[in-house]
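Trainee: Could you take me through one part of this protein slowly, namely the site around the ligand, and then show me how that part connects with the rest of the chain?

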Amino acid sequence: DSPSLWGGRFNEATDSFVQRFTASVSFDQRMAEQDIRGSVAHARMLAAADILSADELKSIEDGLATVQNEINSSTFPWSVEREDVHMNIEARLTALIGDAGKKLHTGRSRNDQVATDIRLYLRDAIDAIAAELTRLQQGLIELASNHAATVMPGFTHLQGAQPVTFGHHMLAWNEMLERDYSRLMDCRARMNQCPLGAAALAGTTFPINREQTAAELEFTQPTRNSLDSVSDRDFAIEFTAASALILTHLSRMSEELVLWTSAQFQFVDLPDRFCTGSSIMPQKKNPDVPELVRGKTGRVNGHLVALLTLMKGQPLAYNKDNQEDKEPLFDCIDTVLDCLRAFADMVPHVTPRKEVLREAAKAGFATATDLADYLVRKGLPFRDAHEVVGKAVAEGVRQELDLADMSLSTLQSFSALIEADVFEVLTVEGSVAARDHLGGTAPAQVRVAAANAAKALEAR
Ligand code: ARG
């Protein structure tokens, strides 16, 4: 094997344990394609600046294409002695094309190289995640418009509060994801600057053209400060934070689905293919997919804390610590993509059980607020109306009778303002239909909100 890339200064070979301990090739080879794209852009810029000849550029481009083919066909000779993806590729290039390969690293360092690779990798990952997010949102919005008038209980404190519609609930989930999408796009925009040219930390003595490499790699502009360029990992933290929120949202949805599919709730059905059975209890159908998504939230939260902690003590500029950014980041990407995929596949097949939901919506005097509002419309101040209805509910509890099932004369014993038209406001359908304003749960509003949400997706 040829000597290491820094052999000149050293009197002995790296300890073999230290070699394994400091190597990152086992995990950073995931960025090989981005590394090659970055190298091609850098070589073209060097040629345009007359630092490389046209022939040298040609042989570097051809050589890197061969390297990419070898990687694609799993014939690339990855080696831990070459430490990381960058040196593996450079060494292989030189083995393939000779001296021109040795010139590629002119005016560049692995420090600006790795910062560029991660940004390129993460940019693609964000686009893939955004696509899955959009697919999930499409499913939720579709479910919402199909169930704009499906009444279900709304909860506060997990106690029945007021009736809502299933569509409204689905659109509440969609709002969380809408914010997640916008957070990802914010992160993408801030990250989309090119560190190439910062070199090790101070820039380079060669007449480089940073605008050219930035444009070639479809960054919006070069980064402004060479020290910051090689040491900044804010974008990785921001991405992981955005991911932790995505998982937090999926976890909350999971919790509701787990609750709703239980025999005690029976609010919705999940298709068998998203569930598993029990090895001992023949009756079981367990909601493994939402449970596992809820569980995986922990690892993404952990990655966020890992990256924040990784950065907090680092002096400028590059430190080897930064090599530790990749495994949390990659696992974060994989986890978020898998969880979104699971949800996007599953959500269109969630089937609400309308009759169960309607009965559950009635339980617990869910239209009590509607009766109070009714009395207010008849002229009673709200606090007095609250008191009147409280007494009616207490009576209902004693008699085990819902407000809607009380006789008119019983209701009138609590307030003379109550008339026969009261029964319209005491139904769950009347209750949701009455909340007919922007952001309210009325079926008419849910239909409009679903249509607007669908339009927002189309505009992406
Ligand atoms: N493998 C390194 C990383 O992941 C690449 C940059 C190393 N630079 C250095 N001077 N050791 O961060």
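Mentor: Before we start, one term is needed for later: two residues are in contact if their C-beta atoms, placed from the backbone, lie within 7 Å. Please also keep in mind that this is a predicted model.

The ligand is surrounded by ten named residues, which I take in sequence order: Ser24, Asp28, Asp84, Arg110, Asn111, Val114, Tyr318, Lys320, Asn322 and Gln323. Sorted by class, this shell has four charged and four polar residues, together with two nonpolar ones. The element that gives the most to the shell is helix H7, residues 110–146, with three residues. Domain 1 (13–106) and domain 2 (111–146 + 161–353) both give residues to the shell, so the ligand lies between them.

Tyr318, Lys320, Asn322 and Gln323 are among the residues around the ligand, and the chain has a backbone feature worth checking at Leu316 and Ala317, which are joined by a cis peptide bond with omega of about 0°. Ala317 lies in the loop between helix H12 (288–312) and helix H13 (326–346). As a rule, most peptide bonds are trans.

Helix H7 also leads us away from the ligand and into the interior. The largest nonpolar core has 120 residues, of which Ala144, Val336, Phe343 and Leu371 touch the most other members, and H7 gives the most to this core, with 15 residues. In soluble globular proteins, nonpolar side chains tend to be buried together. Leu371, taken without its neighbours within four places in sequence, is in contact with Val389, Ala392, Leu403, Val425 and Leu426. UniProt, in an unreviewed entry, lists residues 365–433 as "domain: Argininosuccinate lyase C-terminal"; in the model this span is 64% helix and 0% strand, and its end C-alpha atoms lie 17 Å apart.

For a contrast with that buried core, look at the loop between strand E1 (151–156) and strand E2 (159–165), where His157 lies; Leu158 lies in the loop between E1 and E2 as well. His157 has a phi near 60°, a positive value in a residue other than glycine, and Leu158, also not a glycine, has a positive phi of about 55°. Most residues other than glycine have a negative phi. His157 is exposed because it has 6 other C-beta atoms within 10 Å, and Leu158 counts as exposed because it has 7 C-beta neighbours inside 10 Å, the cut-off for exposed being 12 or fewer.

Terms used. Residues are numbered from 1 along each chain as its sequence is written. This is a predicted model: local features need pLDDT of at least 70, side-chain atom pairs count only at pLDDT 80 or more; totals for chains, interfaces and linings use all residues. Helices (H or I, at least four residues) and strands (E, at least two) are DSSP runs, numbered from the N terminus. A residue is buried if 20 or more other C-beta atoms lie within 10 Å of its own, exposed if 12 or fewer, and partly exposed in between; C-beta atoms are placed from the backbone. A residue is near a molecule or strand if its C-beta atom, placed from the backbone, lies within 6 Å of it. Ala, Val, Leu, Ile, Met, Phe, Trp, Tyr, Cys and Pro count as nonpolar, Asp, Glu, Lys and Arg as charged, and the others, Gly among them, as polar. Domain bounds come from an automatic or database domain assignment. UniProt positions are given in the numbering used here, feature names are shortened, and annotations may be inferred rather than shown by experiment. A nonpolar core is a set of buried Ala, Val, Leu, Ile, Met, Phe, Trp, Tyr and Cys residues joined through C-beta atoms within 7 Å.
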